[in-house]
Amino acid sequence: MKLTINGEKLEATEGQTILEVAQENGIDIPNLCYSPELKPEGACRMCVVDIEGVADPVTACTTEVSAGMVVETETPSLKKMRKVLVELMLANHDVECLTCDKAGDCKLQDYAYRYSVKKVRFEGEKTEFKGIKDDNPFFIRDNRKCILCYKCVNLCKQVQGEASINLENRGFDTRVTTAFDLPLEEINCQFCGLCVNECPTGALMEKSALRKARNWELKKGSTICPYCGVGCELELNIDENDQIVKVTTNSDNVNRGQTCVKGKFGLDFVNSEERLTKPLIKEEGRFREASWEEALDKVADNFGRIRDEFGGDATAALSSAKCTNEENYLMQKFMRAVMGTNSVDHCARL
Ligand code: SF4
Ligand code: SF4
Ligand code: SF4
Ligand code: FES
(Lines give C-alpha, C1' and ligand atoms only; values in the text may rest on other atoms or scores of the structure.)
(Ligands and ions follow the chains in the order given, each with its own letter.)
Protein backbone atom coordinates (compact mmCIF):
# COMPACT_ATOMS: atom_id res chain seq x y z
CA MET A 1 0.00 0.00 0.00
CA LYS A 2 1.01 3.63 -0.39
CA LEU A 3 1.04 6.25 2.35
CA THR A 4 2.68 9.59 3.10
CA ILE A 5 4.90 10.42 6.06
CA ASN A 6 6.16 14.00 6.43
CA GLY A 7 5.29 14.64 2.80
CA GLU A 8 7.27 11.62 1.55
CA LYS A 9 5.37 9.09 -0.54
CA LEU A 10 6.20 5.64 0.83
CA GLU A 11 5.27 2.02 0.33
CA ALA A 12 4.29 -0.31 3.15
CA THR A 13 2.91 -3.76 3.74
CA GLU A 14 -0.31 -4.51 5.56
CA GLY A 15 0.30 -5.17 9.25
CA GLN A 16 3.28 -2.82 9.56
CA THR A 17 3.09 -0.07 12.16
CA ILE A 18 3.74 3.60 11.37
CA LEU A 19 6.96 3.41 13.41
CA GLU A 20 8.24 0.41 11.47
CA VAL A 21 7.56 2.05 8.11
CA ALA A 22 9.18 5.28 9.29
CA GLN A 23 12.30 3.47 10.53
CA GLU A 24 12.54 1.47 7.32
CA ASN A 25 12.63 4.75 5.42
CA GLY A 26 15.09 6.58 7.67
CA ILE A 27 12.47 8.77 9.39
CA ASP A 28 13.32 9.13 13.06
CA ILE A 29 10.31 8.99 15.38
CA PRO A 30 11.36 9.26 19.06
CA ASN A 31 10.71 6.11 21.06
CA LEU A 32 11.69 4.73 24.44
CA CYS A 33 9.70 1.53 24.96
CA TYR A 34 9.84 0.17 21.40
CA SER A 35 11.93 -2.83 20.42
CA PRO A 36 11.63 -4.74 17.13
CA GLU A 37 11.76 -7.94 19.21
CA LEU A 38 8.70 -7.05 21.30
CA LYS A 39 4.96 -6.75 20.93
CA PRO A 40 4.24 -3.00 21.06
CA GLU A 41 3.67 -1.85 24.63
CA GLY A 42 2.72 1.79 24.08
CA ALA A 43 4.09 2.76 27.48
CA CYS A 44 6.23 5.84 26.90
CA ARG A 45 4.03 7.80 24.41
CA MET A 46 7.14 9.44 22.89
CA CYS A 47 6.24 8.14 19.42
CA VAL A 48 3.04 10.20 19.13
CA VAL A 49 2.22 11.26 15.55
CA ASP A 50 -0.63 13.07 13.80
CA ILE A 51 -2.75 11.34 11.18
CA GLU A 52 -4.77 13.47 8.76
CA GLY A 53 -8.47 13.19 9.61
CA VAL A 54 -7.86 11.76 13.09
CA ALA A 55 -8.62 14.17 15.91
CA ASP A 56 -5.99 13.12 18.49
CA PRO A 57 -2.39 12.05 18.07
CA VAL A 58 -1.75 8.29 18.12
CA THR A 59 1.28 6.24 19.12
CA ALA A 60 3.22 5.22 16.00
CA CYS A 61 4.46 1.99 17.58
CA THR A 62 0.96 0.59 18.12
CA THR A 63 -0.87 1.97 15.06
CA GLU A 64 -0.88 -0.04 11.86
CA VAL A 65 -0.64 1.75 8.53
CA SER A 66 -3.52 1.91 6.08
CA ALA A 67 -3.66 2.80 2.39
CA GLY A 68 -3.58 6.53 1.71
CA MET A 69 -2.71 7.45 5.31
CA VAL A 70 -1.08 10.87 5.71
CA VAL A 71 1.17 11.12 8.78
CA GLU A 72 3.14 13.97 10.35
CA THR A 73 5.78 13.10 12.94
CA GLU A 74 7.34 16.37 14.09
CA THR A 75 4.76 19.20 14.14
CA PRO A 76 5.06 22.03 16.72
CA SER A 77 2.26 20.50 18.84
CA LEU A 78 3.90 17.04 18.78
CA LYS A 79 7.21 18.60 19.83
CA LYS A 80 5.42 20.32 22.72
CA MET A 81 3.81 17.06 23.77
CA ARG A 82 7.12 15.23 23.73
CA LYS A 83 8.73 18.02 25.71
CA VAL A 84 6.05 17.67 28.41
CA LEU A 85 6.49 13.89 28.40
CA VAL A 86 10.25 14.24 28.98
CA GLU A 87 9.61 16.82 31.69
CA LEU A 88 7.24 14.43 33.42
CA MET A 89 9.78 11.61 33.25
CA LEU A 90 12.54 13.86 34.59
CA ALA A 91 10.28 15.19 37.37
CA ASN A 92 10.59 11.79 39.01
CA HIS A 93 14.17 11.03 37.98
CA ASP A 94 17.50 11.25 39.69
CA VAL A 95 18.91 13.70 37.14
CA GLU A 96 22.69 13.58 37.45
CA CYS A 97 23.77 13.64 33.82
CA LEU A 98 27.08 15.32 34.74
CA THR A 99 28.35 12.20 36.46
CA CYS A 100 25.97 9.48 35.23
CA ASP A 101 27.72 6.58 33.52
CA LYS A 102 24.94 6.43 30.92
CA ALA A 103 25.46 10.03 29.75
CA GLY A 104 26.16 10.11 26.04
CA ASP A 105 24.36 6.83 25.50
CA CYS A 106 21.02 7.74 27.11
CA LYS A 107 17.88 8.18 25.04
CA LEU A 108 16.18 10.20 27.78
CA GLN A 109 19.10 12.64 27.83
CA ASP A 110 19.05 12.81 24.01
CA TYR A 111 15.36 13.66 23.95
CA ALA A 112 15.74 16.21 26.75
CA TYR A 113 18.33 17.93 24.54
CA ARG A 114 16.28 17.55 21.37
CA TYR A 115 13.17 19.10 22.94
CA SER A 116 15.07 21.73 24.96
CA VAL A 117 14.07 20.56 28.42
CA LYS A 118 16.11 22.95 30.54
CA LYS A 119 14.53 22.54 33.93
CA VAL A 120 11.76 20.46 35.36
CA ARG A 121 8.60 22.48 35.95
CA PHE A 122 6.67 19.87 37.88
CA GLU A 123 7.08 19.84 41.61
CA GLY A 124 5.39 17.83 44.31
CA GLU A 125 5.34 14.19 45.35
CA LYS A 126 8.28 12.11 44.18
CA THR A 127 9.31 8.50 44.37
CA GLU A 128 11.61 7.78 47.26
CA PHE A 129 13.56 4.72 46.15
CA LYS A 130 16.52 4.06 48.33
CA GLY A 131 19.86 3.64 46.64
CA ILE A 132 21.03 1.20 44.04
CA LYS A 133 20.07 -2.46 44.00
CA ASP A 134 23.27 -4.48 43.86
CA ASP A 135 22.20 -8.11 44.15
CA ASN A 136 24.34 -9.91 41.58
CA PRO A 137 27.91 -9.92 40.24
CA PHE A 138 27.11 -8.41 36.84
CA PHE A 139 24.84 -5.36 36.86
CA ILE A 140 23.13 -2.86 39.10
CA ARG A 141 19.57 -1.53 39.08
CA ASP A 142 18.91 2.09 39.99
CA ASN A 143 15.16 2.57 40.17
CA ARG A 144 15.66 6.32 40.60
CA LYS A 145 16.63 6.44 36.92
CA CYS A 146 13.92 4.06 35.70
CA ILE A 147 11.26 5.58 33.45
CA LEU A 148 8.99 2.52 33.69
CA CYS A 149 9.11 1.83 29.98
CA TYR A 150 8.57 -1.93 30.65
CA LYS A 151 11.25 -2.84 28.13
CA CYS A 152 13.32 -4.94 30.52
CA VAL A 153 10.23 -6.73 31.84
CA ASN A 154 8.92 -7.48 28.35
CA LEU A 155 12.29 -8.57 26.93
CA CYS A 156 12.86 -10.91 29.85
CA LYS A 157 9.44 -12.47 29.36
CA GLN A 158 8.90 -12.38 25.59
CA VAL A 159 12.43 -12.87 24.28
CA GLN A 160 14.39 -14.58 27.03
CA GLY A 161 11.34 -16.53 28.23
CA GLU A 162 12.22 -16.13 31.90
CA ALA A 163 9.91 -13.46 33.38
CA SER A 164 12.43 -12.93 36.17
CA ILE A 165 11.31 -9.35 36.76
CA ASN A 166 8.04 -7.47 36.83
CA LEU A 167 6.46 -4.28 38.04
CA GLU A 168 5.17 -3.99 41.57
CA ASN A 169 2.97 -1.40 43.27
CA ARG A 170 1.06 1.46 41.65
CA GLY A 171 1.50 5.16 41.03
CA PHE A 172 4.60 6.77 42.50
CA ASP A 173 5.63 3.50 44.15
CA THR A 174 5.73 1.52 40.89
CA ARG A 175 9.11 -0.11 40.33
CA VAL A 176 10.71 -3.03 38.54
CA THR A 177 11.68 -5.84 40.85
CA THR A 178 11.75 -9.61 41.31
CA ALA A 179 9.15 -11.78 43.03
CA PHE A 180 9.29 -11.04 46.78
CA ASP A 181 12.18 -8.69 45.98
CA LEU A 182 14.54 -11.68 45.99
CA PRO A 183 18.09 -11.21 44.66
CA LEU A 184 18.35 -12.09 40.96
CA GLU A 185 20.78 -14.86 41.83
CA GLU A 186 18.07 -16.61 43.84
CA ILE A 187 15.50 -16.69 41.05
CA ASN A 188 15.51 -17.81 37.43
CA CYS A 189 17.59 -14.94 35.97
CA GLN A 190 19.99 -16.28 33.33
CA PHE A 191 22.14 -13.12 33.40
CA CYS A 192 21.81 -12.83 29.66
CA GLY A 193 22.05 -9.05 30.11
CA LEU A 194 19.39 -8.37 27.49
CA CYS A 195 17.58 -6.04 29.89
CA VAL A 196 20.82 -4.12 30.47
CA ASN A 197 21.58 -3.83 26.76
CA GLU A 198 18.17 -2.42 25.95
CA CYS A 199 17.44 -0.14 28.92
CA PRO A 200 17.17 3.36 27.43
CA THR A 201 18.45 5.06 30.62
CA GLY A 202 21.05 4.50 33.32
CA ALA A 203 18.66 2.38 35.41
CA LEU A 204 20.49 -0.82 34.45
CA MET A 205 24.26 -0.66 34.12
CA GLU A 206 27.07 -3.20 33.76
CA LYS A 207 29.19 -3.11 36.93
CA SER A 208 32.36 -3.60 34.94
CA ALA A 209 31.81 -0.25 33.18
CA LEU A 210 30.99 1.95 36.17
CA ARG A 211 33.36 4.89 36.58
CA LYS A 212 35.66 3.50 33.88
CA ALA A 213 35.14 5.95 31.01
CA ARG A 214 32.55 8.22 29.44
CA ASN A 215 30.69 6.42 26.69
CA TRP A 216 32.13 8.61 23.93
CA GLU A 217 35.68 7.76 25.07
CA LEU A 218 35.19 4.03 24.51
CA LYS A 219 36.49 2.45 21.33
CA LYS A 220 34.03 -0.02 19.79
CA GLY A 221 35.08 -3.19 18.06
CA SER A 222 33.02 -5.99 16.56
CA THR A 223 34.02 -9.57 17.19
CA ILE A 224 32.62 -13.09 17.39
CA CYS A 225 32.10 -14.57 20.85
CA PRO A 226 34.92 -17.03 21.57
CA TYR A 227 32.87 -19.25 23.88
CA CYS A 228 30.84 -21.53 21.60
CA GLY A 229 29.99 -22.46 18.04
CA VAL A 230 26.77 -20.40 17.92
CA GLY A 231 29.04 -17.53 16.93
CA CYS A 232 27.19 -14.55 18.43
CA GLU A 233 28.40 -11.17 17.24
CA LEU A 234 29.60 -8.96 20.08
CA GLU A 235 30.61 -5.34 20.32
CA LEU A 236 33.58 -4.76 22.61
CA ASN A 237 33.76 -1.44 24.45
CA ILE A 238 37.43 -0.73 25.08
CA ASP A 239 38.93 2.01 27.25
CA GLU A 240 42.12 4.00 26.69
CA ASN A 241 44.18 1.30 28.46
CA ASP A 242 42.94 -1.28 25.93
CA GLN A 243 40.83 -3.00 28.58
CA ILE A 244 37.38 -4.37 27.70
CA VAL A 245 35.03 -2.57 30.08
CA LYS A 246 31.78 -4.04 28.76
CA VAL A 247 30.27 -6.07 25.96
CA THR A 248 27.22 -4.84 24.07
CA THR A 249 25.36 -6.15 21.03
CA ASN A 250 23.37 -4.73 18.13
CA SER A 251 19.84 -5.81 17.41
CA ASP A 252 20.63 -6.05 13.69
CA ASN A 253 23.32 -8.70 14.11
CA VAL A 254 22.96 -12.43 13.57
CA ASN A 255 22.06 -13.04 17.24
CA ARG A 256 19.57 -10.14 17.17
CA GLY A 257 21.14 -8.39 20.14
CA GLN A 258 21.07 -11.45 22.38
CA THR A 259 23.84 -13.43 24.04
CA CYS A 260 24.17 -15.78 26.98
CA VAL A 261 25.86 -14.83 30.24
CA LYS A 262 29.29 -15.90 28.95
CA GLY A 263 29.26 -13.58 25.95
CA LYS A 264 27.80 -10.66 27.83
CA PHE A 265 29.64 -10.84 31.12
CA GLY A 266 32.41 -13.44 30.70
CA LEU A 267 34.98 -11.70 28.53
CA ASP A 268 37.03 -10.30 31.41
CA PHE A 269 39.43 -13.23 30.93
CA VAL A 270 40.78 -11.40 27.87
CA ASN A 271 42.47 -8.87 30.17
CA SER A 272 43.59 -11.42 32.78
CA GLU A 273 47.26 -11.31 33.67
CA GLU A 274 47.14 -15.07 34.23
CA ARG A 275 46.58 -15.85 30.54
CA LEU A 276 49.22 -17.98 28.85
CA THR A 277 51.05 -15.99 26.23
CA LYS A 278 53.79 -18.51 25.41
CA PRO A 279 53.64 -22.26 24.65
CA LEU A 280 54.68 -24.61 27.46
CA ILE A 281 56.42 -27.97 27.01
CA LYS A 282 56.22 -30.54 29.79
CA GLU A 283 59.50 -32.24 30.65
CA GLU A 284 60.01 -34.56 33.61
CA GLY A 285 56.68 -33.50 35.05
CA ARG A 286 57.34 -29.76 34.82
CA PHE A 287 56.32 -27.15 32.29
CA ARG A 288 58.88 -24.89 30.70
CA GLU A 289 58.33 -21.98 28.33
CA ALA A 290 59.14 -22.57 24.68
CA SER A 291 59.04 -20.66 21.42
CA TRP A 292 56.19 -21.29 18.98
CA GLU A 293 58.70 -22.79 16.50
CA GLU A 294 59.98 -25.30 19.04
CA ALA A 295 56.49 -26.23 20.27
CA LEU A 296 55.02 -26.68 16.78
CA ASP A 297 58.06 -28.69 15.60
CA LYS A 298 57.67 -30.98 18.61
CA VAL A 299 53.96 -31.56 17.93
CA ALA A 300 54.60 -32.19 14.21
CA ASP A 301 57.50 -34.60 14.94
CA ASN A 302 55.42 -36.61 17.39
CA PHE A 303 52.36 -36.77 15.14
CA GLY A 304 54.54 -37.99 12.27
CA ARG A 305 56.33 -40.52 14.44
CA ILE A 306 53.10 -42.05 15.80
CA ARG A 307 51.47 -42.20 12.35
CA ASP A 308 54.55 -43.87 10.82
CA GLU A 309 55.03 -46.35 13.67
CA PHE A 310 51.42 -47.29 14.47
CA GLY A 311 49.29 -46.05 11.55
CA GLY A 312 46.87 -43.09 11.37
CA ASP A 313 44.15 -44.95 13.28
CA ALA A 314 46.33 -44.83 16.35
CA THR A 315 45.38 -41.16 16.49
CA ALA A 316 42.06 -39.37 16.93
CA ALA A 317 41.03 -35.76 17.26
CA LEU A 318 38.36 -34.11 19.33
CA SER A 319 37.64 -30.53 18.38
CA SER A 320 35.90 -27.76 20.24
CA ALA A 321 32.78 -25.69 19.88
CA LYS A 322 34.93 -22.73 20.88
CA CYS A 323 36.63 -22.90 17.48
CA THR A 324 35.18 -21.44 14.31
CA ASN A 325 33.62 -23.62 11.60
CA GLU A 326 36.70 -22.98 9.47
CA GLU A 327 39.05 -24.18 12.22
CA ASN A 328 36.96 -27.29 12.76
CA TYR A 329 36.95 -27.94 9.02
CA LEU A 330 40.74 -27.68 8.93
CA MET A 331 41.08 -30.00 11.91
CA GLN A 332 39.11 -32.82 10.27
CA LYS A 333 40.86 -32.21 6.94
CA PHE A 334 44.23 -32.48 8.65
CA MET A 335 43.25 -35.74 10.39
CA ARG A 336 41.90 -37.34 7.21
CA ALA A 337 44.41 -36.05 4.66
CA VAL A 338 47.61 -35.91 6.73
CA MET A 339 47.14 -38.40 9.55
CA GLY A 340 45.05 -40.83 7.47
CA THR A 341 42.22 -41.47 9.91
CA ASN A 342 38.52 -40.74 10.09
CA SER A 343 38.57 -40.69 13.90
CA VAL A 344 37.35 -37.17 14.39
CA ASP A 345 34.70 -35.89 16.75
CA HIS A 346 33.40 -32.70 18.26
CA CYS A 347 32.45 -31.79 21.81
CA ALA A 348 29.10 -30.32 20.75
CA ARG A 349 27.91 -33.52 19.00
CA LEU A 350 26.68 -35.23 22.15
S1 SF4 B 1 19.94 8.11 33.06
FE2 SF4 B 1 20.18 9.58 31.39
S3 SF4 B 1 18.91 11.32 31.95
FE4 SF4 B 1 19.21 10.09 33.79
S5 SF4 B 1 20.98 10.99 34.81
FE6 SF4 B 1 21.74 9.35 33.51
S7 SF4 B 1 22.29 10.35 31.57
FE8 SF4 B 1 20.96 11.76 32.71
S1 SF4 C 1 14.89 -0.47 34.12
FE2 SF4 C 1 15.25 0.49 32.13
S3 SF4 C 1 14.25 -0.88 30.65
FE4 SF4 C 1 13.44 -1.40 32.68
S5 SF4 C 1 11.56 -0.21 32.88
FE6 SF4 C 1 13.21 0.99 33.81
S7 SF4 C 1 13.96 2.31 32.18
FE8 SF4 C 1 12.74 0.72 31.21
S1 SF4 D 1 19.56 -10.67 32.74
FE2 SF4 D 1 18.20 -11.73 31.24
S3 SF4 D 1 17.10 -13.25 32.48
FE4 SF4 D 1 17.98 -11.77 33.94
S5 SF4 D 1 16.40 -10.22 34.29
FE6 SF4 D 1 17.65 -9.46 32.57
S7 SF4 D 1 16.62 -10.22 30.71
FE8 SF4 D 1 15.81 -11.41 32.46
S1 FES E 1 7.71 3.84 21.57
FE2 FES E 1 5.59 4.05 21.18
S3 FES E 1 4.73 4.35 23.12
FE4 FES E 1 6.83 4.01 23.56
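**Figure 1. Strand E1 and its two faces.** Side chains alternate along strand E1, which covers residues 2-5. On one face lie Leu3 and Ile5, both buried, while Lys2 and Thr4 point to the other face and are not buried. This view, like those that follow, is taken from a predicted model.

**Figure 2. The hairpin of E1 and E2.** Strand E2 spans residues 8-11 and runs antiparallel to E1, with 4 bridges joining the two. Across the pair, Leu3 stands opposite Leu10, and Ile5 stands opposite Glu8. The hairpin has 2 residues between its strands. In the turn, Asn6 has a positive phi of about 50°.

**Figure 3. E1 within the sheet.** E1 also pairs with strand E5, residues 70-72, to which it runs parallel through 2 bridges. Here Thr4 stands opposite Val70 of E5. The open sheet contains 5 strands in the order E2-E1-E5-E3-E4, and its pairing is mixed. At the edges are E2 and strand E4 (58-59), each of which pairs on one side only. In general, strands of a sheet pair through backbone hydrogen bonds, either parallel or antiparallel.

**Figure 4. Surroundings of ligand 2.** The shell of ligand 2 consists of 13 residues. The closest are Cys146, Cys149, Cys152, Cys199 and Ala203. Sorted by class, this shell holds 11 nonpolar residues, 1 polar residue and 1 charged residue.

**Figure 5. Surroundings of ligand 3.** Around ligand 3 there are 13 residues, of which Cys156, Ser164, Cys189, Cys192 and Cys195 come nearest. Helix H4 (151-159) and helix H5 (194-198) are the elements that give two or more residues to this shell. By class, the shell of ligand 3 includes 8 nonpolar, 4 polar and 1 charged residues.

**Figure 6. Helix H8 and the residue after its end.** Helix H8 comprises 15 residues, 325-339. From its first C-alpha to its last the helix reaches 20 Å, close to the 21 Å expected at 1.5 Å a residue. Gly340 follows H8 and has a positive phi, near 80°.

**Figure 7. Domains of the protein chain.** The domain assignment gives domain 1 (2-74), domain 2 (217-274) and domain 3 (311-350). Taken over C-alpha atoms, the centres of domain 1 and domain 3 are separated by 52 Å.

Conventions:
Residues numbered from 1 in each chain as written. Chains lettered and ligands numbered in written order. Predicted model: local features only at pLDDT ≥ 70, side-chain atom pairs only at ≥ 80, totals over all residues. Near = placed C-beta within 6 Å. Nonpolar A, V, L, I, M, F, W, Y, C, P; charged D, E, K, R; others polar. Domains from an automatic or database assignment. Expected span 1.5 Å × (residues − 1). Buried ≥ 20, exposed ≤ 12 C-beta atoms within 10 Å, placed from the backbone. Pairing = 2+ DSSP bridges.
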